[in-house]
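Grab a viewer and work through these exercises one at a time. Try each task before you read its solution.

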Amino acid sequence: MPYLRPFVAAVVRPIPITTREQRIQELDRAGHNPFNIPADMVSLDLLSDSGTGAVSIDQQAWAQRADERYAGAESFYRFREAVRDIVPYRHILPVHQGRAAERVLFSALLGPGKISISNTHFDTTRANVERLGAQALDLPCPEASDLDSEEPFKGNIDLEALKNVLSGPDGHRVGQILLTITNNGGGGQPVSIANIEAASAIARSHGVPLILDAARFAENAWLVTRREPGYQDWTPRDVARRAFELADGAIASLKKDGLSPEGAFIGVHDSELADRCEVDVIATEGFRTYGGLTGHTLEILAQGLREVLDPHYLADREREASFLAECARNAGVSTVQPAGLHGIYLNAGRLLPHLGPEQFPGHALACALYREGGIRCSELGSLYLGELNEHNQLVKPAPFELVRLALPRRVYDHSHWEYVGEVLAEIAKDPEQVPGYRITHAPKVLRHFRCRTEPVTL
Ligand code: F0G
């Protein structure tokens, strides 16, 4: 059947067109860290899918009806109703973004000596666990380590390993089990309902709360309908609800599947836990009916949540991601398989075998994409996850050297992905031209956001 994209652009933003010389200068100024490049020097910005999507005309229309009163604004009730339609928890607290939700909920569940177990903690999530003096333990399923396999649910948590920790000597220290859906740190791979069910049963039998980090709950639900036997006839909304029903609580950055530039929520059943979170939210974010968000944003979120589970929208998102993955592979660059929805993960280690992990091949590819094409993205490899010594030399590499091309929602189209493919093909024609990197400045925490690097001249 001929394919019809289910929306058109109603307002457009011209993108900067730059020269290679300008980009080389920018990279130098930025300490060769894409996070430091001003956006007006970036042509295609694939750094994040968070808060970077396009809002719809209905979101804009609802925003005009915002009620900005301090307490109990109409916008809050519309927001809460839209959340509760998907998330069946007694208590819903809005906050300004996902990491605020993490900080508040984790402060109530964790503390020094406690352990948080996850399929994979996202970077800021891990930071929010560790700043409480707790330990963040990742237990991805074994299938996750084969980047090329077509296993449908490589985002799952390793259930056997989870049981072992809970019934082992450290079991009493586990304060939460956190399932990240989809698994961003693990290649954007989905988590099956069967895996959430099993994790839920294990969590209950050990009296440990199961929490969803549900930033991409709609994309996970869509991939369940596409890949998990028994769910083909379910609506994405019913699958999403089922996932939330299985957990005791959730945090969700709504900068992704809330189709909004800001916002998040904490949702829990337990009234005592909700009470503790509420005090923290009032003290640090805002009153419980706005949590640091304007009525304008609450309306954008309410409408975004009504739109995001539309099967036509989600099918389009899948199609875009698969197309970008195909463009990359046609250019001779392998991607983590099967493609998820929010990003395509390039296997830089394989493309640049002349660079050992100590020369950060993922980072080298990310810098090359900017230099050659004005494309901004970030590495997920040894620069982010590796261990350094006091001289900023790599002593323990990451398991993989990846680069994430994140897909902002409803922004780019096929012509942009073809362009990415063309730039990748240029790089892949002569990969040895891509220089390795050394770190010149590395803060101890959240290094990849703030470090400076320089190319190693051959
Ligand atoms: N959890 C996951 C799985 C995330 O991907 C993010 C953000 C957060 C929590 C934090 O939410 O940004 O609203 O504070 N991920 C973005 C990304 C930044 O690019 O993947 P936030």
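**Exercise 1.** Does L446 count as buried, exposed or partly exposed, and at what relative accessibility?

Before the solution, some ground rules. This is a predicted model, where local features need pLDDT of at least 70, side-chain atom pairs count only at pLDDT 80 or more, and totals for chains, interfaces and linings use all residues. Residues are numbered from 1 along each chain as its sequence is written, and side-chain values use heavy atoms, with hydrogens and water left out.

*Solution.* Start with the cut-offs: buried is under 20% relative accessible area, exposed is over 50%, and partly exposed is in between (1.4 Å probe, protein chains only). L446 has 33% relative accessibility, so it counts as partly exposed. Next, locate it: L446 sits in the loop between strand 15 (437–441) and helix 17 (447–450). Helices (H or I, at least four residues) and strands (E, at least two) are DSSP runs, numbered from the N terminus. Finally, check the backbone: phi of L446 is near 45°, a positive value in a residue other than glycine. Most residues other than glycine have a negative phi.

**Exercise 2.** Find the loop that holds N392, then look up its phi and its exposure.

*Solution.* N392 lies in the loop between strand 12 (387–388) and strand 13 (394–396). Its phi is near 60°, again positive in a non-glycine residue. With a relative accessible area of 21%, N392 is partly exposed.

**Exercise 3.** Which residues are joined by the cis peptide bond with omega near -15°, and which by the one with omega about -20°?

*Solution.* As background, most peptide bonds are trans. The bond from I181 to T182 is cis, with omega near -15°. T182 belongs to the loop between strand 5 (174–180) and helix 7 (193–206). Q337 and P338 are also joined by a cis bond, and there omega is about -20°. P338 is in the loop between helix 12 (311–330) and strand 9 (343–347).

**Exercise 4.** Describe the surroundings of Y290.

*Solution.* First, the place: Y290 is in the loop between helix 10 (271–284) and helix 11 (295–307). Then the exposure: Y290 is at 21% relative accessibility, so it counts as partly exposed. Now the contacts (heavy atoms within 4.5 Å): leaving out residues up to four places away in sequence, Y290 touches Y70, P94, E285 and L298. Last, a jump along the chain: Y290 and V95 are 195 residues apart in sequence, with C-alpha atoms separated by 7.2 Å.

**Exercise 5.** How far apart in space are Q25 and T182, C-alpha to C-alpha?

*Solution.* Q25 is in helix 1 (residues 20–29), and at 49% relative accessibility it counts as partly exposed. Q25 and T182 are 157 residues apart in sequence, and their C-alpha atoms are 37 Å apart.

**Exercise 6.** Compare the radius of gyration of the protein chain with the value for a compact globule of 458 residues.

*Solution.* The radius is taken over C-alpha atoms, and the globule rule is 2.2 Å times the number of residues to the power 0.38. For 458 residues, a compact globule would have a radius near 23 Å; the chain has 22 Å, which agrees. The C-alpha trace spans about 60 × 55 × 45 Å along its principal axes. To round off, 57% of the 458 residues count as buried, and the secondary structure comes to 17 helices and 16 strands.
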